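Have the model open and ready to rotate. We will go through its salt bridges, and then turn to a pocket.

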Amino acid sequence: MEKVHEAAKALLELAWWVQRKGPIRAGFEPLPATERVILGYLEGNERSSVTEVGAALDIKPSNVSAAVRELSARGLVERVADPDDKRKSLLSLTDEARRNKSSIDAAVTGSLEEVLEQLSPEHRESLFASLDALGDVVLRLRTADR
């Protein structure tokens, strides 16, 4: 159990620094976690409703709505009326959000490359070898309580 705790702690700290350093290095203010994860979801799921986003990310619709208001005010998310149901809106990323994401991704990659170059080749390869397993863990966590 101790190794699981250590892994969780390391992953949380890594995620924190990646989501802080990337935007700062790219010249942007880091976003709150909820807003960041919603942007990530919309990247692969354009034209989703607030309810769909909330269900997929296990976030209350009221919290999704509040985050979307902030993202809209920043010009990162746009609402479009659902052609099938005018009462609801569909969410999409703006062009600005896509440009910002590209800049942030490049900054994150640059930051990680610099740090990973300082690791021994064995540690680097061990880290890369674990990526499939980490992806599997994420998938299982996403679907665990559904």
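This is a predicted model. Its salt bridges come to nine in the count. Three of them are worth tracing here, residue by residue.

Start with Glu35. Its salt bridge partner is Arg74, and the closest N and O atoms lie 2.1 Å apart. This pair links distant parts of the chain. Glu35 belongs to helix α2, residues 33–44. Arg74 sits in the loop between α4 (61–73) and β1 (77–82). The two residues are 39 apart in the chain. How accessible is each partner? Glu35 has a relative accessible area of 6%, so it counts as buried, the cut-off being under 20%. Arg74 reaches 37% relative accessibility and is therefore classed as partly exposed. The bridge thus pairs a buried acid with a partly exposed base.

Now move to Asp82. A salt bridge joins Asp82 to Lys88, with 3.8 Å between the closest N and O atoms. That value falls inside the 4 Å limit, so the pair counts. Asp82 is buried, at 7% relative accessible area. Lys88 is partly exposed, at 34%. Here too, a buried acid meets a partly exposed base.

The third bridge lies within one helix. Asp105 and Lys101 form a salt bridge whose closest N and O atoms are 2.5 Å apart. Both residues belong to helix α5, residues 95–116. They are four residues apart, which means that about one helical turn separates them. Which accessibility class holds Asp105, and which holds Lys101? Asp105 has 36% relative accessibility and counts as partly exposed. Lys101, with a relative accessible area of 28%, is partly exposed too. This bridge does not stand alone: Glu43, Lys101 and Asp105 are joined into one network by salt bridges that share partners.

Leave the charged pairs and turn to the second largest pocket. Its volume is about 240 Å³. Which residues line the second largest pocket? The lining consists of Val4, Ala7, Ala8, Ala10, Leu11, Leu14 and Leu134. Helix α1, residues 2–25, gives the largest share of this lining, with six residues. How does the lining divide into nonpolar, polar and charged residues? Seven are nonpolar, none is polar and none is charged.

To see these features together, display the Glu35–Arg74 pair, the Lys88–Asp82 pair and the network of Glu43, Lys101 and Asp105. Then add the pocket lining, from Val4 to Leu14 along with Leu134.

Terms used
Residues are numbered from 1 along each chain as its sequence is written. This is a predicted model: local features need pLDDT of at least 70, side-chain atom pairs count only at pLDDT 80 or more; totals for chains, interfaces and linings use all residues. Side-chain values use heavy atoms; hydrogens and water are left out. On a 1 Å grid over the protein atoms alone, a cavity is a set of points where a 1.4 Å probe fits but cannot get out, and a pocket is an open set with protein on both sides within 12 Å along at least five of seven lines; lining residues have an atom within 4 Å of a point. Grid points are joined across faces, edges and corners, and a volume is the space filled by probe spheres set on the points. Ala, Val, Leu, Ile, Met, Phe, Trp, Tyr, Cys and Pro count as nonpolar, Asp, Glu, Lys and Arg as charged, and the others, Gly among them, as polar. A salt bridge is a side-chain nitrogen of Lys or Arg within 4 Å of a carboxyl oxygen of Asp or Glu. Buried means under 20% relative accessible area, exposed over 50%, partly exposed in between (1.4 Å probe, protein chains only).
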